[in-house]
Amino acid sequence: MKNLCLSPQAPFKSRCYAAIWGVDDSLFLFGGQGQDKNYYNDMWRFQGQQWTQCLIQSQAPTARKGAATWLGHDGNLYIFGGIGYQDGVLDYLNDLWCFNIRAQTWVQLSHTDIMPMPRLESQIWQDNWGDVYMYGGLGASGSLADFWRFSTHTMTWKTLPSGPAPCYGAVTWTCQNHLFLCGGIGQSGLWAFNPTAVQWQMLEAPPVASYGSVGWTSAAQVHMWSGLALQAPENIVCKQEAWSYDIAHNAWSAFTPEWTITPRYSAHTFAFQDKVVIFGGITEKGEYLNDLWLVQHDRQQSQEPQKNMATFQMNL
């Protein structure tokens, strides 16, 4: 099996920049912005090869897109910020919410004295201890370059040293206990952050600068596919090509994926074993997608996935 379409068309309106999580044998999706430019705050679950809408038993977060998400060590789903409606006004957000899967309820967490300013499309990682790292994003003043760590145990934020230029929409990986950031709007290089040394390092830049690429990892490499090529504003294209970065040799190499999926950018990705789950995205012509794919990447066997994906196991 090289690729399998799990769901060619979801029962809800096509949308992008939704919040999405992978938990056990399920995908959860919240909100996003539709092709009609409307914002949503509905919650859906994909399980057993079908989508069902969650029956929320509480007040839900306001409709939004571009929020940051992670899976808490308590098994709950977390969502931070984005852009959406607050008191009837479209604005950048920095509220933090928690969704209890079993109870089907949302709870808004209190603001703390130290926390990130409102933003969307920030870069997110989660380490082996469950802590969340957030870099940059797009705020009311433009692209951001601040760097934060959120402790899922103490529920507090802490600032960290900045590294890359202000950016949003970059592809990120966690591999060999380092956090990798590549491309996005605002910067074109490849960077790695060492949480132990609390230090950034600039690495070999990718051959093609891109925004919203699909990314996944293997034992000693990170990989990316598709996304918007940003080499020339008058020639922005949704590329089909794929690249691997070898960490030990600080070098990139091209490869051809053995799947036939429409090139896209800003898709959601979950990785496990030697497979990658891809949901939605936007085509070069601006079409919003809501298809769901399971693809096999056999360039190398994958390592254990990131913490917030570690329990995702699609049963077929």
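**View 1. Arg119 and its partner Asp146.** Arg119 is buried, with a relative accessible area of 1%. What does Arg119 form with Asp146? The two make a salt bridge, and their closest N and O atoms are 2.6 Å apart. This pair ties together distant parts of the chain: Asp146 sits in strand β14 (residues 142-151), while Arg119 belongs to the loop between β11 (105-109) and β12 (123-126). Along the chain, they are 27 residues apart. Keep in mind for this view and the others that the model is a predicted one.

**View 2. Arg64 and Asp95, a salt bridge between two strands.** Here the side chains of Asp95 and Arg64 meet, at 2.8 Å from N to O. Again the link is between distant parts of the chain, with Asp95 in strand β10 (residues 89-100) and Arg64 in strand β7 (residues 64-65), 31 residues apart. Are these residues buried or exposed? Asp95 is buried, with a relative accessible area of 5%, and Arg64 is buried too, at 1%.

**View 3. Lys13 and Asp36, a salt bridge between two loops.** The side chains of Lys13 and Asp36 come together in a salt bridge, 3.6 Å from N to O. Lys13 lies in the loop between β1 (3-7) and β2 (15-16), and Asp36 in the loop between β4 (26-34) and β5 (39-47), so to speak of distant parts of the chain is fair: the pair is 23 residues apart. Asp36 has 34% relative accessibility and counts as partly exposed. In total, the structure holds 5 salt bridges, including this one.

**View 4. Strand β10 and its neighbours.** On one side of the story is β9 (residues 77-86), joined to β10 by 9 bridges, with the two strands running antiparallel. Within this pairing, Tyr85 has Leu90 of β10 as its bridge partner. The β9 and β10 hairpin has 2 residues between the strands, and Asp87 takes a positive phi near 55 degrees there. β10 also pairs with β11, in the antiparallel sense, over 5 bridges. Leu96 stands opposite Leu109 in β11. This second hairpin leaves 4 residues between β10 and β11, and in its turn Gln104 shows a positive phi of about 60 degrees.

**View 5. The second largest pocket.** How much volume does the second largest pocket have? It comes to about 190 Å³. Of the 14 residues lining this pocket, the closest to its centre are His178, Phe180, Ala192, Gln201 and Leu203. Two or more lining residues come from each of β17 (178-182), β18 (190-194) and β19 (199-203). β19 gives the most, with 4 residues. Sorted by class, the lining has 8 nonpolar and 6 polar residues, and no charged ones.

**View 6. Cysteines without a disulfide.** A disulfide is a covalent bond between the sulfur atoms of two cysteines. How many disulfides are counted in this model? The count is 0. Why is Cys5 left unpaired? The closest cysteine sulfur, in Cys16, is 17 Å from the sulfur of Cys5, which is too far for a bond. Cys5 counts as partly exposed, at 29% relative accessibility. Cys238 is in no disulfide either: for this residue the nearest cysteine sulfur is that of Cys16, 11 Å away, and the cut-off for a disulfide is within 2.5 Å. Cys238 is buried, with a relative accessible area of 9%.

Note on methods: Residues are numbered from 1 along each chain as its sequence is written. This is a predicted model: local features need pLDDT of at least 70, side-chain atom pairs count only at pLDDT 80 or more; totals for chains, interfaces and linings use all residues. Side-chain values use heavy atoms; hydrogens and water are left out. A salt bridge is a side-chain nitrogen of Lys or Arg within 4 Å of a carboxyl oxygen of Asp or Glu. Buried means under 20% relative accessible area, exposed over 50%, partly exposed in between (1.4 Å probe, protein chains only). On a 1 Å grid over the protein atoms alone, a cavity is a set of points where a 1.4 Å probe fits but cannot get out, and a pocket is an open set with protein on both sides within 12 Å along at least five of seven lines; lining residues have an atom within 4 Å of a point. Grid points are joined across faces, edges and corners, and a volume is the space filled by probe spheres set on the points. Ala, Val, Leu, Ile, Met, Phe, Trp, Tyr, Cys and Pro count as nonpolar, Asp, Glu, Lys and Arg as charged, and the others, Gly among them, as polar. Two strands pair if DSSP finds at least two bridges between them.
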